[in-house]
Amino acid sequence: MDLPSPLAWLVDEAGASPGPERFLAELGRRLLADGLPLSGGTLTLSVPHPIIARRTWLWRAETGAVIEALAFAAAPQSEAGRDWLTALGPVWEERIGPSQDSPMLGWAGIDKREGAGAFAPAEADRLREVARFAAAPLAALAAREARAALLEAYLGRRSAARVQAGELARGTGETIRAALLCADLRDFTALSEVTEPHAMIATLDAWFDRVAGAVHAFGGEVLKFMGDGVLAIFPVIGGPGEETEGDRKACEAALRAVAASRAGMVHLDQVRHAQGLPPLPFGVALHFGEILWGNIGAADRLDFTAIGSAVNLVSRLEGLCKPLGRSVLISGAVASNTATALVPLGDHALRGIADPCAVFTLADA
């Protein structure tokens, strides 16, 4: 059975598309080559994500470029796809599946007839046929995107990528050279004893938003939430011969994230004060070194964790914040990789660490 190029592609190859943007661009290109007068197209997928409700990809026929628009769960429902199509020409749009969460596929036409505002009947029939053939590959694509969104939400980008790649063997890991950030709330146990559980969860969420938001804003990645603590990394990026510059950039990014998280916590404490709530004192430590990000656990229950001397040191250094009366402590390894003015606090012995650690802080910390 001979099928037109777009339909043959949907049957034979589309299900293996590496992502929604490539699916949309390739299908649009084939429809153009098959004679359909298109100026653009859209694909919208619902996403099981704590922040993002829908992702919409917008394709421009003139350039072949695809951009992405996000609809957030807390925002009023938007029609980014339809708005985009309407601005380009006559609109054809259809939900590919039975539920409200099924993918939405849409196209904008090029209609040169005076006063016309719709696809010709024959063109609309062809697009309906395309939609029918697109149902199976779009279902597979939507399932893959949903799985990726869930894994990233619970595991983070690095671990999610490893799970999706099938790296499930216990005891495997990767060595990462990075600036490490360890942060922890002060007196969390006492606060939790006098705070209603749901309010305590909201407090933790607000704290994690400030720290994790700052980490992600400056290119870092949260590896672990541990009770009221956070472990994050700023991996060194660069090839051979660029190690020194990569080390410096990672440490500078970590310092900028600390500054941003502190500013966020100042604002949060102001909000809490207006509500009659106590402030949230915290400690943050920065170190630089290598960690092993490993896959560990029991035979039938695995988890990712960070191990190594650098992890031990940054954790112990964060524990020194309270006795030193400082909210930020920085190791000598980070201090040697930044031009930021730091205040030396001398060498300190850290529990379980053989050699004393040169400790620094910020002037206002």
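**Helix H2, two cores and a few residues worth a look**

In helix H2, the buried residues (under 20% relative accessible area with a 1.4 Å probe, protein chains only; over 50% is exposed and in between is partly exposed) are Pro20, Phe23, Leu24, Ala25, Leu27, Gly28, Arg30 and Leu31. Keep in mind that this is a predicted model, where local features need pLDDT of at least 70, side-chain atom pairs count only at pLDDT 80 or more, and totals for chains, interfaces and linings use all residues. Residues are numbered from 1 along each chain as its sequence is written, and side-chain values use heavy atoms, with hydrogens and water left out.

**Around H2**
- Helices (H or I, at least four residues) and strands (E, at least two) are DSSP runs, numbered from the N terminus.
- The 14 residues of H2 (20–33) should span 20 Å at 1.5 Å a residue (times one less than the number of residues), and the end C-alpha atoms are indeed 20 Å apart.
- The buried side of the story: these H2 residues pack against helix H1 (5–12), strands S1 (38–46), S2 (52–60), S3 (66–72) and S5, and helix H4 (121–155).
- Just past H2, glycine 35 has a positive phi of about 100°.

**Glycine 106**
- Glycine 106 sits in strand S5 (residues 104–109) and counts as buried because its relative accessibility is 0%.
- Beyond neighbours within four places in sequence, glycine 106 is in contact (heavy atoms within 4.5 Å) with Gly41, Thr42, Leu85, Trp92 and Glu93.

**The cores**
- The largest nonpolar core (buried Ala, Val, Leu, Ile, Met, Phe, Trp, Tyr and Cys joined through side-chain atoms within 4.5 Å) has 41 residues, and Leu181, Trp207, Phe234, Leu286 and Ile330 have the most contacts inside it.
- Elements giving two or more residues to this core include helix H7 (197–217), helix H8 (243–274) and strand S9 (282–298).
- Another core, of 29 residues, lies apart from it, with Leu31, Trp59, Trp92 and Phe133 among its members.

**S9 and S10**
- S9 and strand S10 (residues 301–307) run antiparallel, joined by seven bridges; strands pair if DSSP finds at least two bridges between them.
- A hairpin of two residues connects S9 to S10, and isoleucine 296 has aspartate 303 in S10 as its bridge partner.

**Glutamate 221**
- Glutamate 221 is in strand S7 (residues 221–226) and is buried, with a relative accessible area of 6%.
- A polar atom of the glutamate 221 side chain lies 2.7 Å from the backbone nitrogen of arginine 158.
- Contacts of glutamate 221, leaving aside neighbours within four places in sequence, include Gly156, Arg157, Ser159 and His216.

Methods
Polar contact = N/O pair within 3.5 Å; in protein donor to acceptor, adjacent residues only side chain to side chain.
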